[in-house]
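Hi,

Here is the model I said I would pass on. Have a look at it first, and then read my notes below.

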There are 2 protein chains.
Amino acid sequence: MGITERKEREREEMRDLILQAARKLFLTQGYEKMSIRGIAEAIEYSPATIYLYYKDKNELFFSLHKDAFQKMMAEFSVVAAVTDPFERLVALGRQYIKFAIENPELYDLMFIMEAPMETLACREEVWEDGQTSFGFLKIVIGDCINAGYFKNTEDIENSSLTIWSFMHGLITIYLKKRMSMFEDNREMERIEESFKLFVEMIKCRF
Amino acid sequence: MGITERKEREREEMRDLILQAARKLFLTQGYEKMSIRGIAEAIEYSPATIYLYYKDKNELFFSLHKDAFQKMMAEFSVVAAVTDPFERLVALGRQYIKFAIENPELYDLMFIMEAPMETLACREEVWEDGQTSFGFLKIVIGDCINAGYFKNTEDIENSSLTIWSFMHGLITIYLKKRMSMFEDNREMERIEESFKLFVEMIKCRF
DNA sequence: GTTTTTAATGAACACTGTTTATTACATTTG
DNA sequence: CAAATGTAATAAACAGTGTTCATTAAAAAC
């Protein structure tokens, strides 16, 4: 009897319906306006129904967060076209900045918000999405080393964390409006200049 | 007639009473539990009274945020004892990490939360607290240049932003639980290693 | 002493996430 | 097929949240 299969399929459809509504609300209204009641109204179900398919709002955030990582990784794939390993790393950095600036709320969800991480913590799982994208960075850096760059580098993981830290810091300073201490409105130029300086700095370690 | 003076003084006292209660709640319960009703109960006034002294909760966050900057700057002052300019910069970095790890919620308030910045934005002011502490970093880097370090550096502001970006990124990756992608529990060692690597990188630019 | 100004509040508004008892319907069993 | 069981959906409530406003009480000015 395929009843259990159908039920399982229907359940998955419902989970998807909820997630789609949540995503739409998130992207159009922002995550602060993405309320359970709002999602319920959008799919024409009662708010309580959502809790039959998702444990809590954090789990919904976690699912959206996974989507966002897929989107980011898809945008990263274009750097494969860059042949020189070091230039590929630079291109990856630019893609990262581009993604963050074009999707500030997704970036927040992926790297700043605590909600999705709480779902992960209570399941005692490792952060797979982070691992995957960080793994991509490690590969790109590894290619640099294989091509003769970064000769003094003995720990790829540490190098990756260091590079990511800079990128993440620069972006969050901007996204969280901490560049408002500069009186001029040259935020974008400052990001560009700082990025270039950092690239020069890591070039220094050839 | 000193009545207006007394009233002004009483008003300032009341603002302080509210702020102290807010700070206590913030530090003991965390910012998510720092509610207007909670503050009101602590000072034995009605919630509505708070709105006679503060425009909204964001303004309260902004005041706390200013306090936090004073506290951080006070902790920074110890680096003045370090004579070598470059070592002073390194010491400042360590103090920054120490402050962030010891006061994660203050750090959040100072550099991540949007609430205090919104108060600033609607007043169309520059972010003075940020300017002051960033100014301190610029001075420390300036001393390095005067002592012969960073010879290739033509833009102190850009160097400062770049260094701060790394520090801020590394810390927020940790504070916002994004190091949970590493299966081992070596978060502190990783921070230490990455910091050391970055110090080596900027040393490279002598 | 009366009027005016000001400080404080209770109550309400419009929300939020989440839980639970109840209802309605689909599925299984006798 | 009818009765019993299982399950999906919900209305309503709980316990909060920030904020506003008309009303009341007290202080200051006249």
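I'll start with the DNA. Among the atoms of DNA strand D within 4 Å of the protein, 60% are sugar or phosphate atoms, and the rest belong to bases. Before I go on, the housekeeping: this is a predicted model, where local features need pLDDT of at least 70, side-chain atom pairs count only at pLDDT 80 or more, and totals for chains, interfaces and linings use all residues. Residues are numbered from 1 along each chain as its sequence is written, chains are lettered from A and ligands numbered from 1 in the order in which they are written, and side-chain values use heavy atoms, with hydrogens and water left out.

Back to strand D. It is surrounded by 20 residues, the closest being Thr49(A), Tyr53(A), Arg6(B), Arg37(B) and Tyr51(B) (a residue is near a strand or molecule if one of its heavy atoms lies within 4 Å of it). Three of these make polar contacts worth a look (pairs of N or O atoms within 3.5 Å; within protein, one must be able to donate a hydrogen and the other to accept it, and residues adjacent in sequence count only if both atoms are side-chain atoms). On chain A, an N or O atom in the Thr49(A) side chain sits 2.5 Å from a phosphate oxygen of DNA strand D. On chain B, Tyr51(B) puts a polar side-chain atom 2.6 Å from a phosphate oxygen of strand D, while Arg37(B) has one 2.6 Å from a base nitrogen.

Which elements supply at least two residues each to the surface near DNA strand D? They are helix 3 (47-50) of chain A plus helix 1 (3-29) and helix 2 (36-42) of chain B, and helix 1 of chain B has the largest share, with three residues. Helices here are DSSP runs of H or I with at least four residues, strands are runs of E with at least two, and both are numbered from the N terminus. By type, that surface has ten nonpolar, three polar and seven charged residues (Ala, Val, Leu, Ile, Met, Phe, Trp, Tyr, Cys and Pro are nonpolar, Asp, Glu, Lys and Arg charged, and the others, Gly among them, polar).

Now strand C. There, 19 residues surround the DNA, and Arg6(A), Arg37(A), Tyr51(A), Thr49(B) and Tyr53(B) are the closest. Sugar and phosphate make up 57% of the strand C atoms that come within 4 Å of the protein. Phosphate oxygens of DNA strand C lie 2.6 Å from a side-chain N or O atom of Tyr51(A), 2.7 Å from a polar side-chain atom of Lys57(A) and 3.0 Å from a polar backbone atom of Ser46(B). Helix 1 (3-29) and helix 2 (36-43) of chain A, with helix 3 (47-50) of chain B, each give two or more residues to this surface. Helix 1 of chain A has the largest share, three residues.

On to the protein itself. Chain A has ten helices and zero strands, and its C-alpha atoms fill a box of roughly 65 × 50 × 30 Å along the principal axes. Of its 206 residues, 51% are buried (under 20% relative accessible area, with a 1.4 Å probe and protein chains only).

Finally, the two chains together bury about 4,200 Å², 63% of it on carbon and sulfur atoms (the accessible area, 1.4 Å probe, that two parts lose on being put together, summed over both). Arg178(B), Met181(B) and Met201(B) supply 19% of the area chain B buries against chain A, more than any other three residues.

Cheers

Technical notes
Buried < 20%, exposed > 50% of the residue type's maximum accessible area, 1.4 Å probe, protein only.
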